[in-house]
Every structure is written in C-alpha cells, then in structure tokens.
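Me: Please take a close look at one part of this model, the second largest pocket, and then set it beside a few other local details. What lines the pocket, and what else can be said about individual residues?

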Amino acid sequence: MKTKLFHIASLIIFTAVLGCHKTSSEHHSVLKEKLDTMTWQGPEELSPLPGTVTIKNKVAVADSKNGDFFTETRTDKLVQKNCLNCHKDGRIEAVGGKEADSHWDLQKTFKHAPSQVMNCTTCHNSSEITQLKMLNGEKVGMNQSFQVCAQCHFKQEQDWRLGSHGKRLGSWTGERTIKNCASCHNPHKPAFEKRWPKTFNKNLMHFSEAAKK
Amino acid sequence: MDVKKFFFDKLKSSPCSSANNSCACPSASACGSNSQKTDRSHQLEPALQKESSRRDFLKIAGIGASLTMTGCGALSGSSEKKELMGLKWQDYFKTNYRLMNESERQKTVERLEKMAELEHKTHYEISDKAPVPKVLFGYAFNISKCEGYGECIEACVKENNLDRESGMQYIRIFEMKNGNMNFESANSKFMHEVPQEGHFYMGTQCFHCEKPPCTDVCPTGATWKEDDGIVVIDYDWCIGCRYCEAACPYWGRRFNWAAPQVPENEINTKQHYLGNRLRKKGVMEKCTWCVQRTRNGQMPACVEACPTGARVFGNLLDPNSEIRKIIETKKVFRLKEELGTEPKFWYYMD
C-alpha cells in the first residue's frame, strides 16, 4: 500500500514538474520557427520565373531604408499633354487667347483641400507649366510627382515606400515597381468614388440590375 | 457449426413435425398433417444442401453486364472514343500526386490535356509546376483600404474557372458595422453602392494555414500543404466527404453540389493541376492563391485586380518583401488565432 502511494505521488510530482517546464504563454508556432530558420540571410537568386513582367515605363526611387525601387512614369499618362500648346512660354498666364476654360472640368470638380490650403499653383509651377513645384518653390518633374504629394501626405508616403499603401505592379519577386500616387488618385479629386460592387451571385445580380434602373 | 445443417435440424425438430400432436397451428387442417410437414422438410433439404445459386447468378450477371458494356464501348465508336476511354482508364488508376515523380506528373497533365482535346475539342495548358524553392507565400489585407468593390471576386471567378451557375466565390467580402468586428452580424451578400456609411469591409478566403485542420481530416489524402505554403486539393482524389469543410474554422473550402458550369468562351485555359483546372461534381475546391500564376512569378488575380491596393502578396522568407515588412511593422492580426491554425493571411490597418 505504501509503495503504491509512493508511486502515485511520484508520478503526480513528475508530471507537474514536466508540465511546469513551459510556463510562458507562447506556445510553439510552426510558422515562427520557419521564419526564424528559413528567412534569407542575404540576397537570393530565385530560379527565373516565366511569368515575371518587367515594367517598361518606370523611374528609379532611391530608398536606403526600404531598398531602392521603381515607380511608374507619369509623363506618358497625362490626360492633357502639351501644356505648351496654350501656355506658349511656359507661364501660367500665357494662354494665347484660350481663356475659355480648357480646364473647365477641373474647376467644377476640384475636391482636394479647402481654398485656404490649396489652389492650382500650390502644386503646379506657374513659371514652368510643364513642371510641378515643392512648397519652397523648388521645381519637380511630373515623374517625381510623389514628392509633391509627400509634403502633406508623408504618413502615406512612408507606408507607400514600405509596401502597405499602394500597389505593386507585375511580379511579387525581383525588381519592385509600384504605382505612384497619381496612378490611383486623381490629384484634383483623389478620393475613391462610390460604385456598385461586382458579384457573380445570380440572385444578387438581378437585384442590382433592378435597383440601378 | 454448419448453418445449413442447423436449420435443417431445427426443421426436423419443430413441434409441427414431431410425433406428438402439440402443434402450434390453430387447426390441424391449416397446417397440414404431420406427414406433409415431414415431406416439406425433405423438399427443403436438397435446397439447403446445394450452394446458394441465386446470389452467384446475380454476381456473374452483374460482372458480365458491366464487361459487355465496357466492351461494347470499346469495340464500337471511333478510334477517338477508344483513345478517350483508354485515357480515362489510366487517369482513374493514377497514384496520388504526391507519390508521383516528375515524369509521372508530366504524363498526368499531358493526359488531362489530351482528354480535354478529345472530349471538348478545347486546348488547355495544364501545368505541373512544383513549388519554387526558398519561397513561403504570405498574404496581407488592409481593412482601411477595402471599399467592398468586389473587383477581387470578379477576377477570381474568371481566373479560376468557378461555377457560374451556383455563383461560387472563394472570396467573401463582409460588410461590417462600425464599432465592432462581428462576423455573425456581417453581411457578405450586400448589393448597394459601396462603401456604405457607417460600415467597413473585410475579405476572407482560404487562409492557407501553416497548421491546416482541413488536411488533417482528409480520409483519402486528397488535400495537403505544399512546400511553398499553399494548401492544395487533388480533385481526382477527393471523394467529396466534406470533412475538410467541417474542419475549416473559416469556411475556406467550397463543395461542388452540381457539375460546375463555365461558359466555353470564358474558360481560362492556362491551368495548373492543383489549381484552376476544371472540376467536377462532388469534389471540394478552394482558393489556391492562384497557384497557376504565383509559381510563375505573377500575383494572384485578386491582388492584381484590387483598385485600392488593399491586398498584398509576397514571399515571407524574403526579409525585404512587402508582406514581411507589413507583419513586422504594422499592427497585424489574424482570425481565430486561439485555434492555433496559424493562417498565413494577416489583416492590418493604416
């Protein structure tokens, strides 16, 4: 009887000791283990992946913190190109008699910031109309327009450089080319518009068609 | 003990057949006389002694009929039909994809391509591309950015040849009321202009867990986690028991209650054996992080389609990847962390 009691007691103590070994709340994470052991130690060359697309029209952006990357160009995507057609010598005033608003759409729909904060020449360079400008007057090209946005939207710029804001183009690997600010946000009306959602659910599609009428 | 003999003995010793008249029958005439009883047992004896022939007959007839039918199928019809029958036979008896070597996998996908050509006159490119080494995929979703547009859903349905008839969607976008994160009261079937006031949007799909409960419960070994982290299904090994659907805490898996219908002109012909090749009735399917795209270096269709950039995809093992930076810098969370499934799909906010 005594030996039996002794056995039972020792078993309980043994189990308790073993059980108390991991006192921390952190249980074993398979994923964490993988990330600790398998993360690349230096730059790695992945075997060439056939679907990788290299973006053609891009500009380099230097970034010591996040690693240099590329962003899309703007000059090939401007809606109203050839500012110099009307602004003959590059000045904002020299419109050559074409005051009848070429920018009528912007004047009516402009919605970016209150007039106390912003007007056309806040971003557009009035002496060199094909360029933009920083708040201190410094000239900035259209392809570097993200620098202009970052003056006020520096938090978004940080996230954009990191990768949590914006969108990567092409492949998830290799050379990193991301959309720039104006690729997604119309600088004169940056907020995303409301729209009807896409669906493939037939019941919902009927409903949406009826409601849209 | 000889069962037949037992019954025979029982008959012989039944009250009605015994010498004394303690018969259980209501009247002697209904039962018949004792002599008649004895006659019946004599008649039964040969029947009981002989081998049960009816069962054997049915067995042979069944095998014969099926052989005839297959034989008829093989003999009649064009050479194309014969070839298709042969390929289907081979396909039926193929081994588990994980046990195949590279050449067997190559043969498997080539056979499927040939079968599609013979049967539907369509040309598919079915890939058997293996996981890219040194890659573990991860996914992040920015709930500050999702506006409920559903472009991801459209892109996914088109890319992965989802059934149009039932409106199957791997991705569900939940419209949730501001103030709490309650999936019970969220609406994933909204149909009005988005984003709606006072609501935010969250998307779910298969989270490709690192410890997936779905792969543990599969009785046939039809689903498993690949080396690059993607949880896949071999549609030809799935028996449609739906254990995996029950095991998944996130309802990441879908079942084909009917044969999937995809319009001919909308079929995506660039397919992968474990991904968007055409499924059949009675099998499970789910998001595969567009394995046919991602193993070639492309982004999943949903990531590419999102107009607000709410979705991020990349290689968790690359310390410079966006996904890695997001989970290290941003305030991230995953759903149902306490279950220990370790999903590789993180949510974050700006």
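Reply: What follows starts with the pocket and then turns to a threonine, the cysteines and one chain as a whole.

The model is predicted. Its second largest pocket holds about 840 Å³ of space. The lining of this pocket is made up of 25 residues. Those nearest the centre are Leu112(B), Met115(B), Glu119(B), Leu278(B) and Lys280(B). Two elements of chain B, helix H5 (79-92) and helix H6 (102-120), each give two or more residues to the lining. H6(B) supplies the largest share, with five residues. Sorted by class, the lining has 13 nonpolar residues and ten charged ones, along with two polar residues.

The next detail is a threonine of chain A. Thr39(A) sits in the loop that runs between helix H2 (30-38) and strand S1 (58-61) of chain A. Its relative accessibility is 12%, so Thr39(A) counts as buried, the limit being under 20%. A polar atom of the Thr39(A) side chain lies 2.3 Å from the backbone oxygen of Leu35(A). With neighbours within four places in sequence left aside, Thr39(A) is in contact with Lys34(A) in its own chain and with Leu317(B), Pro319(B) and Arg324(B) in chain B.

The cysteines come next. Over all chains, the count of disulfides is zero. Cys149(A), for one, is in no disulfide, and the nearest cysteine sulfur, that of Cys181(A), is 3.8 Å away. A disulfide would need the two sulfur atoms within 2.5 Å. Cys149(A) is partly exposed, at a relative accessible area of 29%. In chain B, the cysteine sulfur closest to that of Cys248(B) belongs to Cys214(B); the two are 6.3 Å apart and therefore too far for a bond. Cys248(B) has a relative accessibility of 16%, so this residue counts as buried.

Last, chain A as a whole. Chain A contains eight helices and six strands. Along the sequence these follow the pattern α-α-β-β-α-α-β-β-α-α-β-β-α-α. Of the 213 residues in chain A, 31% are buried. Among contacts in chain A with a separation of 6 or more, 45% join residues 24 or more positions apart.

Methods. Residues numbered from 1 in each chain as written. Chains lettered and ligands numbered in written order. Predicted model: local features only at pLDDT ≥ 70, side-chain atom pairs only at ≥ 80, totals over all residues. Heavy atoms only, no water. 1 Å grid on protein atoms, 1.4 Å probe; cavity = no way out; pocket = protein on both sides within 12 Å on 5 of 7 lines; lining within 4 Å. Points joined across faces, edges and corners; volume = space filled by probe spheres on them. Helix = DSSP H or I, 4+ residues; strand = E, 2+ residues; numbered from the N terminus. Nonpolar A, V, L, I, M, F, W, Y, C, P; charged D, E, K, R; others polar. Buried < 20%, exposed > 50% of the residue type's maximum accessible area, 1.4 Å probe, protein only. Polar contact = N/O pair within 3.5 Å; in protein donor to acceptor, adjacent residues only side chain to side chain. Contact = heavy atoms within 4.5 Å.
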